[in-house]
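Biologist: Let's slow down on one part instead of skimming the lot. Give me a close look at how the strands and helices there are put together, and ease in through a residue or two so that I know where I'm standing.

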Amino acid sequence: MSKIEKALKKAGEDRGNLQLVAAAATRGRRAPWTALLGQKIEPPRQQSEPPRQQSEPPRQQIKPLGQQIEPPETISRMADNEHKLLSADELRERGIIHPKQTREPAVQVFRELRTKINQQSRGQNAVILVAAVSRGNGASFIARNLAAAFAFDSAKTALLVDCNLRNPSVHQLLPGASLPGLADYFENPEIAVSKIIHPVGIARLRAITTGGLREIPAEYFVSMKMRRLIESLRERYRERFIVLDGPPMSDIADARILSELSDYVLIVARHGRATNAQIESGLSAISSRKLLGIVFNDEPRIPSLR
Amino acid sequence: MQMYPEQIATALINESFYSRRLVVGMFVIVNVVMLTAGLLWPKSYTGSTSIVVDEKSIMEPLMKGAAVATETADRNRNVREVILGRRILGQVLERAGWLADHPTVLEQEGLIERIKARTTVTAVGRDVIKIEYRDNNQERTLFVTKTFADLFIQEMVAEKESETRSAFDFIDKQAREYQQKLTVAEEQLRQLRSSNLDSRPGSDTELSARLIALNTRIENTTMELREAEMKHASLERQVNGEAEVTVLATREGQFRARIAELQAKLDTLRLTFLDTHPDIVQLKYQIQDLRAEANAQRERRDKFKPSDRLETDEMVVNNPVYQQLRRDLSQSQLTMDALKARIAEARRLLQEEVDRGKGLHSGDARLVELTRDYQINREIYQDLLHRRERARVSINMDSDRQGSSFRILEPAKSSLSPNSPRFWQFMLGGAVLGVLIPLGLLFTRLQFDPRVRLANAISEEHKVPMAAIVPHLWSPGELRGLRKELAILALVVTATLALSATLSVVRFLGVL
């Protein structure tokens with residue numbers, strides 16, 4: 001991106017943020033089922049209407065304005081702009097599925113999960129929180145692959161946000177360890193959202209790390225800034241699915257706050273790891289309307305060795 | 001949680017794969033343990049012999065009906081106690097050469113306990129017992145089994161003899177006791193008889209007959225007496241009504257009768273004649289004379305009357321009826337007196353009989369008692385005499401070994417090859433258990449592990465939809481590692497199986 005572009009984007013974001021603050025103050029929390037009902041997200045509409053109107057006419061207007069909504073063609077182009085895409089084997093080495101691995105059952109499973117979420121959200125993008133019932137249940141794996149599965153579709157993009165502050169993992173996907181992330185965004189008001197969104201070597205998939213190495217207090221999640229961040233991420237690209245790699249449900253406070261910010265929640269329970277009591281307490285922390293279901297992770301299955 | 005068989009099978013396969021190292025490790029351990037057990041398992045031979053035991057207590061037939069023997073303990077247990085008793089085991093220990101290196105008492109105790117543990121005594125059918133003995137030495141197995149049988153028979157015969165002897169002694173003693181009792185009873189009976197002569201059988205009825213007779217006699221006599229009394233009373237009444245003498249018979253009376261006669265004649269004559277007629281005058285004089293005479297008589301009689309003595313002059317005639325009545329009266333008086341005497345006598349006899357009867361009854365009861373004792377004693381005594389003779393015959397039979405009821409049905413024999421579990425059985429068991437035990441443990445873990453291992457268990461338990469069941473995503477590196485691991489595990493399993501097969505073959509060839 002050129003410097004001009006960046007400046008434009010930042011200006012647009014700041015404006016959007018301000019609008020969002022006003023919107024949040026007037027309407028309170030957004031009803032989670034609005035997405036299920038297939039309604040357009042009402043409150044932001046007022047603010048985002050000018051961009052949409054602009055998006056409906058010829059597309060060349062979009063770029064200078066740096067607005068959030070971009071058509072599929074832009075996304076395709078964005079894919080072309082990826083620095084360097086990882087090969088299928090490299091992905092597998094990192095525990096990420098690849099659409100070409102058709103024989104791999106996990107790929108099929110994630111595809112199905114993605115389709116299920118698509119059906120639920122009626123084609124709208126959504127914020128999905130993936131949280132394990134306790135540590136070590138593999139929520140990051142699920143979140144990562146779910147995001148990858150969303151990115152399979154060339155008309156969609158996915159954004160993986162690492163919200164697991166105590167045990168971050170998304171940064172492993174990135175080449176540089178010191179790239180700015182959530183912490184930097186919260187700490188430093190000058191950092192733009194686009195600065196913390198990094199490509200991970202997978203087409204149409206971006207990631208936000210926790211950033212830095214120090215621990216971010218959980219209070220950030222309650223902050224208006226976090227809410228604004230999520231909203232702006234959601235609104236920026238209508239085809240972008242946001243997957244929050246959440247903290248384990250055992251940290252009930254964090255998980256609950258994040259579940260309020262998200263549209264759907266997936267609870268991850270790992271074979272031979274999660275107990276029924278943990279699942280029960282995790283379920284009790286989540287509103288059943290948002291709950292998509294439980295993902296049973298790491299089911300032992302004899303792989304095909306050929 | 002309800003699981004279908006195919007679900008269980010799938011779950012078990014997946015779990016075995018998940019815990020593959022554990023499963024293979026356990027397979028190897030179980031196999032090694034079984035092979036070691038097979039190698040170390042001592043060879044054992046079993047010797048067996050059967051003995052016909054017709055063990056009826058000698059007391060039973062001898063004392064049949066006369067005495068009830070105490071219930072003997074369960075026979076098989078009895079036999080077992082005899083065979084595994086200290087006496088026989090001690091001898092076995094000695095004969096089989098266990099005492100050659102002079103073990104201490106404590107060691108002997110241990111040896112005996114071990115022999116006991118290796119010996120089984122079982123009842124085959126009603127009268128056959130089977131003795132089985134296990135040992136790791138074939139010769140000794142045979143020898144000990146044989147010794148058991150011999151010693152057992154010997155012991156039982158000796159015991160039976162002593163039993164017969166003691167039975168005889170007992171019967172003999174009893175017979176003597178009863179003889180004494182019988183003598184005493186006889187003596188008592190004799191004394192009672194001599195002291196109480198009346199007491200004979202039947203004297204009771206006789207007495208009652210006599211009493212009845214006496215009572216009858218008293219009644220009859222009383223009746224007669226009453227009759228005599230009535231007769232007497234009647235006679236007395238008649239006597240009172242009768243005059244003692246007839247007045248007409250007096251002389252005055254005669255005169256008066258003559259006077260009357262003459263007066264009649266005079267009256268008749270006066271009808272025809274005058275008073276001057278001679279006849280009439282004569283008659284008048286005659287009457288006059290007669291009257292004078294009559295008066296004289298009356299005067300004379302009156303003169304005697306105050307003396308109240310019956311004047312017996314020739315003119316007084318006694319009244320015959322009166323006389324007769326007086327005679328009858330005195331006769332009836334006599335009869336009455338006689339009857340009264342007879343009643344008194346009969347009463348006295350009756351009293352005597354009653355007194356005698358009382359004495360007779362008390363004697364009778366005693367007699368009955370003594371007689372009964374005597375009879376019972378006599379019966380038992382006679383019975384005992386019979387039995388004693390039979391016991392004597394039994395003793396003779398035992399001494400001649402005629403009625404021996406113990407004999408060896410099947411002579412001692414020992415298995416030619418060891419009959420402990422074979423090595424190949426251990427090998428096969430190891431292979432099978434090596435699979436079954438880990439599977440069982442995995443199944444147990446599936447059932448009881450609080451951590452969830454089955455996806456449908458979660459949705460069933462929490463009633464929430466299962467969004468996805470994600471299998472493990474194998475990275476190429478992991479797959480390489482897995483291939484290597486599986487190869488190693490297969491090698492381990494093959495090596496284990498090969499080892500057990502080799503050992504089995506070696507064992508079969510008799511090298512080990």
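Modeller: Some bookkeeping before the strands: a residue is buried if 20 or more other C-beta atoms lie within 10 Å of its own, exposed if 12 or fewer and partly exposed in between, with C-beta atoms placed from the backbone. By that count R122(A) is exposed, because just 12 C-beta neighbours fall inside 10 Å. This is a predicted model, in which local features need pLDDT of at least 70 and side-chain atom pairs count only at pLDDT 80 or more, while totals for chains, interfaces and linings use all residues. Residues are numbered from 1 along each chain as its sequence is written, with chains lettered from A and ligands numbered from 1 in the order in which they are written.

R122(A) sits in the loop between α7 (105-121) and β1 (127-132) of chain A; helices (H or I, at least four residues) and strands (E, at least two) are DSSP runs numbered from the N terminus. Its phi is positive, near 50°, and R122(A) isn't a glycine. D298(A) pulls a similar trick, with a positive phi of about 60° in another non-glycine residue. D298(A), though, lies within a strand, β7 (residues 291-299) of chain A. It is buried, because 21 other C-beta atoms lie within 10 Å.

That strand takes us to the boundary between the chains. Contact here means C-beta atoms, placed from the backbone, within 7 Å, and 37 residues of chain A and 28 residues of chain B take part. On chain A's side, at least two residues each come from α6 (88-93), α7, β6 (264-270), α14 (276-284) and β7. β7(A) gives the largest share, nine residues. For chemistry, count Ala, Val, Leu, Ile, Met, Phe, Trp, Tyr, Cys and Pro as nonpolar, Asp, Glu, Lys and Arg as charged, and the others, Gly among them, as polar: the side of chain A that touches chain B then splits into 20 nonpolar, seven polar and 10 charged residues.

β7(A) also pairs across the boundary (pairing means that DSSP finds at least two bridges between two strands). Its partner is strand β7 (residues 466-471) of chain B, joined to it by four bridges and running parallel. F296(A), for one, faces I469(B) in β7(B).

Now step into chain B for the close-up. Here four strands make an open sheet, ordered β2-β3-β1-β6, with antiparallel pairing. β2 (119-124) and β6 (406-414) of chain B are the edges, each pairing on one side only. Going from one strand to the next, the twist averages 15° (axes are lines fitted to C-alpha atoms, for helices over the stretch in contact, and angles run from 0 to 180 degrees between N-to-C directions). Helix α7 (residues 138-195) of chain B packs on this sheet, touching β1, β3 (128-135) and β6 of chain B, and its direction makes about 20° with that of β1(B).

β1(B) is worth tracing strand by strand. Toward β3(B), β1(B) pairs antiparallel over eight bridges. Toward β6(B), strand β1 (residues 45-53) of chain B has six bridges, also antiparallel. G47(B) shows both sides: its bridge partner in β3(B) is Y133(B), and S414(B) stands opposite it in β6(B). Further along, V52(B) has R407(B) in β6(B) as its bridge partner. The covered face of β1(B) carries Y45(B), G47(B), T49(B), I51(B) and V53(B), while T46(B), S48(B), S50(B) and V52(B) are on the uncovered one.

The helix on the sheet has a helical neighbour too. Helix α5 (residues 86-95) of chain B packs with α7(B) at an angle of about 140°, their axes 10 Å apart. α5(B) brings R87(B), I88(B), Q91(B), V92(B) and R95(B) to the contact, and α7(B) brings V144(B), T147(B), F148(B), L151(B), F152(B) and E155(B). By class, the residues of that contact are six nonpolar, two polar and three charged.

So, the picture to keep: α7(B) packs on the sheet of chain B and also against α5(B), while β7(B) pairs with β7(A).

Technical notes. Two residues are in contact if their C-beta atoms, placed from the backbone, lie within 7 Å.
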